[in-house]
Structures are given as C-alpha cells and as structure tokens.
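The following exercises concern a protein model and its ligand. Each task is followed by a solution in steps.

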Amino acid sequence: MQAYMSADPLPSPSTDAALHSRALTAHVQAEIGAAHGWIDFARYMDLALYAPGLGYYAAGAAKFGDAGDFVTAPELTPLFAATLARQVGSLIAETGGELLELGGGSGRLACDLLLALDALGSLPERYAIVEVSPDLRARQARAIATLPARLASRAVWLDALPGRIEGVVLANEVLDALPVHLVVWHEDGLRERGVAAGENGFIFEDRALTHGALRERAQSLPVSPPYVSEINQRAGALVQALSRNLVRGALLFIDYGFGRSEYYHPQRSQGTLMCHYRHRAHDDPFFLPGLQDITAHVDFTAIAEAGAAGGLQLMGYVTQARFLIQLGITDLLARAQPSSGDYFRQAAAAQKLLSPAEMGELFKVMALGRGVAPLAGFAAGDLSRLL
Ligand SMILES: C[S@@+](CC[C@H](N)C(=O)[O-])C[C@H]1O[C@@H](n2cnc3c(N)ncnc32)[C@H](O)[C@@H]1O
C-alpha cells in the first residue's frame, strides 16, 4: 500500500461523502451507547471498515488507484502478477490444485494472474475468491468478466473458507486490513485502548485489560512500558483455520510488517496503526470514519506461529524485493520494448516494488506449506528475522 506523509491539511470530502461518514459515525455512536459507552478498538475498526453498506471496504468508495486512497502492488503493474505467477504456477502444477485468493480488492490481481498463468500453461481448474465486501465482490466480477470466457469461467466466489484446500492460498495486503486490538503497557499494568464518544467525534479511552486471551498474549510480548501497540488476533485465527484446512500446497502472505522483535521494538513505542486517505498517510483513525482505510503492520512471527499451530511448515520468509528478483521480475521487465512509453512506466513501477525506500524492504512474503517441494521465490531467505 502506497501513500505519503505530509504536514499539509488533509483534503475535504464531497458533500455526499461527508454525509456517508456522518451516517457511519451515527452507527458507531449507537453501538458505543448500547455497549455502555465503550467498545474495543478492534470493534471500532471492524465497523469503520466493514459495517454493512457503510464501512470503508463494504461501501462504494473508490479505494484503489489514482481516484482512491492508496495503491497496492497489483494496481501498480501487471509485472507483479506475472512474477508471482511463476511461484503460484509451479505450486498448481505440483499439487494439481486450485488457487484461492483472499480479499481480491478491485480484481486486478485475479485478472493479471489468470492471464499470466494461462501464458505459463498452469491455469488452475478453479480460481476461488473469498471477499468480505459485497461492493468489491461485484467490482471483481465486473473486472474478471472482461477476460476471455475460458479464463473468466474459472472464477468463483465463496462465502466462507473451504473445509478442504489443495493448491495455493494467496493474500496480498489482507492481514493488515483485519481489525486489531490496541494494548497499552503501563508501568502499573496492562490496559486496553478502546473508543468512546467525545464532544466532537470519537476519543480513545483506556480500560484495565481483563480479556483473558488478549491479556495473556500481551504479557508474552517482549515489551517494556510505557508502550502502545496492536495485537491482531483475527490474523492468527484466520491463518490457523487456513492451515488446518490445507491438505497439500502453500499459503502465501504478502504484506508490510516485521518479525516480532522488530515489530515490538522499543523505538516503535506508539505502534504501527496507519490510515490512508486520498494518497496521504496519517495516524488518526477517527478522521472521517468510513472514508479512509485503517491498517496495522503484520507481526509475521505470529503468522508463522499460527501456521505451526495448524501443522504447517514455514517454507520461507523474504522481503518482497528478494522474492520478486528470485522469480525473475527483471527478466520479465526486459521483455518490454526498451525505449517504449510502456517500458518506462513498467520500469518505474518495478522500481517502486523493489526499492528499499518504497515497497521492497518493508513488504515481506511468507510461505507456509504442507507436502510440497521448496519454493523458488524463497531461496536464501533469512528466517532469523522472525525471532
Ligand atoms: C487492502 S485491500 C487489498 C486488496 C488486494 N488484495 C490488493 O492487493 O489490491 C484488503 C482486501 O481484503 C478484504 N478483506 C478484509 N478482510 C477479509 C477477510 N476476513 N476475508 C477476505 N477478505 C477480506 C477487503 O475487503 C479488501 O478486498
């Protein structure tokens, strides 16, 4: 996800967008009222992003691309999907299984992957998508319908995770969009940071952390007070469920984040919560609820642990730059006609995907698998970064 920090004031919304945000705000306020004045942050984030018909992902805001709030790797260039297809294609050939994409966004990745897998001769029988947003599901269907029928006909949308998965599960920037709890490590004990109604919108309010599993998890982390950060219980539960259901194949997670010691590093004492609005990044989750994305970085050590709890092997953990280079993104770029306008556009996009100053280092790729051979994209990965 790309957006930029700036000290300038954030742009104002249109009248319709402001009305939409007010409707979501009223919905959240009603829930806070019904919960005696306080909800945990994960519930706030869930409503702000996914409340039916109102949340940022659930409703019709543009979200992706120039007209939206941020750009993801598949939106930047088809080179991303073409490179990824080399890893996905070999797993499909090895397992004879299907491809399951979680959180398909605009459908760009599905379209480009189907085209690239077709070119490699390794199309899956079925390209299944699990997408929680009805708006995005409709957008994905419209995008995929523009493909040749023999490709489009492979796409199906599922309402829940399949009980038995053979093949590849792919999630690009999905774990970062799952609601997180906010925890405050205080000298005098643990607190959970939640949301209450203030005079002008919402305010943070801390309460003693009484929730058993969350408290246990917070106590187990290498943190010294004073410190505030996130704990993503949903991501762990999702990865464990996928891991249990994976009969043979691999789960591939691509997202921004770190191993645990970097995530909960003393210098990151305010956590990683980040909001995106019209290509600007900031840290106020109460700004125009429903009109902006809210995310947190991924603790990849927790993802590896969830996979292990579901019986999967950690097959690799590398930076996005290393993964794409191992799989030959530079050869693919070289196939574009040098000196053509397209070549310069693709080269600039590849630079964003690979540069340590942009997405190359912060974004990581993790593979968890069962019963498959070592994966080419992860050769020379450094698992010690997960400690
Ligand atoms: C930041 S967007 C990324 C979209 C796309 N993968 C891309 O890279 O452009 C997050 C996506 O995950 C979806 N999502 C969020 N929670 C989900 C869940 N539990 N299961 C499936 N999709 C989910 C959102 O609706 C959205 O499509």
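A polar contact is a pair of N or O atoms within 3.5 Å; within protein, one atom must be able to donate a hydrogen and the other to accept it, and residues adjacent in sequence count only if both atoms are side-chain atoms. The model is predicted, and local features need pLDDT of at least 70, side-chain atom pairs count only at pLDDT 80 or more, and totals for chains, interfaces and linings use all residues. Residues are numbered from 1 along each chain as its sequence is written, and side-chain values use heavy atoms, with hydrogens and water left out.

**Exercise 1.** Determine which atoms of Gly-103 lie 2.8 Å from a nitrogen atom of the ligand, and describe the surroundings of the ligand.

*Solution.* Step 1: for Gly-103, a backbone N or O atom lies at that distance of 2.8 Å. Step 2: polar side-chain atoms of two residues lie by oxygen atoms of the ligand, at 2.6 Å for Thr-72 and at 2.5 Å for Glu-131. Step 3: of the 600 Å² of accessible area (Shrake-Rupley method, 1.4 Å probe) that the ligand has on its own, the protein covers 94%. Step 4: the ligand is surrounded by 18 residues (a heavy atom within 4 Å), and Tyr-50 and Asn-172 are among the closest.

**Exercise 2.** Describe how helix 9 and helix 11 pack.

*Solution.* Step 1: helices are DSSP runs of H or I with at least four residues, strands are runs of E with at least two, and both are numbered from the N terminus. Step 2: the axes, lines fitted to C-alpha atoms over the stretch in contact, are 8 Å apart for helix 9 (residues 233–245) and helix 11 (residues 300–309), at an angle of about 35 degrees. The angle runs from 0 to 180 degrees between N-to-C directions. Step 3: among the residues in contact (heavy atoms within 4.5 Å) are Val-239 of helix 9 and Ile-303 of helix 11.

**Exercise 3.** Where is His-279 found?

*Solution.* Step 1: His-279 belongs to the loop between strand 11 (274–277) and strand 12 (280–282). Step 2: although not a glycine, His-279 has a positive phi of about 65 degrees.
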